[in-house]
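Subject: Structure handover

Hi there,

Here is the structure I promised to pass on to you. Have a look at it first, and then read my notes underneath.

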Amino acid sequence: MPHSKLALFLPFLSFLLFLASTSHAHNITKILAQHPEFSTFNQYLTRTRLAADINRRLTITVLAIDNAAMSSILSKGYSIYTIRNILSLHILVDYFGAKKLHQISKGSTLTSSVFQASGAAPGTSGYVNITDLKGGKVGFGVENNDGILNARFVKSIKEIPYNISVLQISQVLSSAEAEAPTPGPSELNVTTILSKQGCKSFADLLIATGADSTYQSNIESGLTVFCPTDGVIKGFLPRYKNLTAPQKTSLLLYHGIPVYQSLQMLKQNNGVVNTLATDRANKYDFTVQTDGEDLTLETKVVTSKVTGTLIDQEPLAVYKLNKVLLPSELFKPTEAPSPKSANSPGDEADSPQADSSDQTADGNGAVGINGGRLAMIFLSLCIGTLLM
């Protein structure tokens, strides 16, 4: 084989091998399971669903606290939702290995935590100060805690540069904002939230069919709602009235996902999702797709765009849509309006979407491309080309 041809393909092959080797996501639960002294911390990462958030992120640092330090949280009788806020303060959205802690520019830096990223932290209360102290020690403290660095770096537990770093700190990061009482799911009412923020017509349909009870009962375990706005529902009502009672219920349940998904999570986890209407495999699902800054929901009949957020408060997220989602189980693509009338509210439809056979489930109702599988396919093709 000519050396020029080999030289052309070697960089590409190296990249594909790297992609294949890094395609398997980290698992914080498995990492901490090897260290019994962090069993309580590990348990509450799962109970608060922070473990899933950690595993979805490409770059993350977890400031773990041992069982003795966790007891200081549990002894105060906080709700599980307040505990989530406290622990989310210990998850940094940047990579800090043990070596990097001692190479911080000017000896101190501020970094954002998941608590800050969630939008629940007022002001800068979700930022963590990391300072390289004298004698090789490193201090950690919440930014708005009067500069107090109440925790110290103890040791590195696991580092996968520059993917995940799990570090032990000496005690819980102190934050009045994170420790403030957080309302539980029982205090969140879906139809009330919808009615007050431009989706009253959709809320009324939920109540009329009894579908609201299904939405409400799913909040505690996690719920994401996509509500067509009042103007969209008004334009769709003539078609809605032609449906049978069971079909109306299925259509309304089709607008809910039985897991909590923030906007960032939806954008990072494109693919097919099951809905509250799903009763068996591949029924009543749709595809989440990111198009630049836009987030769209695609069925085989229509493509709808997310136009705003009504609430994003774990475990409930509610987003506004510019069109009613039309499942292929109830509406055939051939029933889509002609291009001339495609701008009618709630009636615009697109061609059936491409087959998604190259996708696999990610455990949260979403489906994403299997990076390792794709890389290996390309790798095989390239090797075949080299051998020709």
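Below is what I found in it, starting with the cavities.

Please keep in mind that this is a predicted model.

How many cavities of 30 Å³ or more does the structure hold? There are 2. The largest cavity encloses about 40 Å³, and its lining is made up of Phe202, Leu205, Ile233, Phe236, Tyr240, Leu251, Leu252, His255 and Val324. Helix 10 (200–209), helix 12 (230–240) and helix 13 (245–253) each give two or more residues to that lining, with the largest share, 3 residues, coming from helix 12. By class, the lining has 8 nonpolar residues, 1 polar and no charged.

The second largest cavity has a volume of about 30 Å³. Its lining consists of Asp53, Arg56, Arg57, Gln264, Met265 and Gln268, and here helix 14 provides the largest share, 3 residues. This lining divides into 1 nonpolar, 2 polar and 3 charged residues.

Next, the sheet: it is open, with 7 strands in the order 2-1-7-6-5-4-3 and mixed pairing. Strand 2 (91–92) and strand 3 (108–112) are at the edges with a single partner strand each, so one side of each has no neighbour in the sheet. Strands 6 (151–160) and 7 (164–169) run antiparallel and are joined by 6 bridges; Lys155 stands opposite Gln168 in strand 7.

Finally, Thr191 sits in helix 9 (190–196). Thr191 counts as buried because its relative accessibility is 12%, under the 20% cut-off. Its side chain makes a polar contact with the side chain of Asn189 at 2.8 Å.

Best wishes

Note on methods: Residues numbered from 1 in each chain as written. Predicted model: local features only at pLDDT ≥ 70, side-chain atom pairs only at ≥ 80, totals over all residues. Heavy atoms only, no water. Pairing = 2+ DSSP bridges. Helix = DSSP H or I, 4+ residues; strand = E, 2+ residues; numbered from the N terminus. Buried < 20%, exposed > 50% of the residue type's maximum accessible area, 1.4 Å probe, protein only. Polar contact = N/O pair within 3.5 Å; in protein donor to acceptor, adjacent residues only side chain to side chain. 1 Å grid on protein atoms, 1.4 Å probe; cavity = no way out; pocket = protein on both sides within 12 Å on 5 of 7 lines; lining within 4 Å. Points joined across faces, edges and corners; volume = space filled by probe spheres on them. Nonpolar A, V, L, I, M, F, W, Y, C, P; charged D, E, K, R; others polar.
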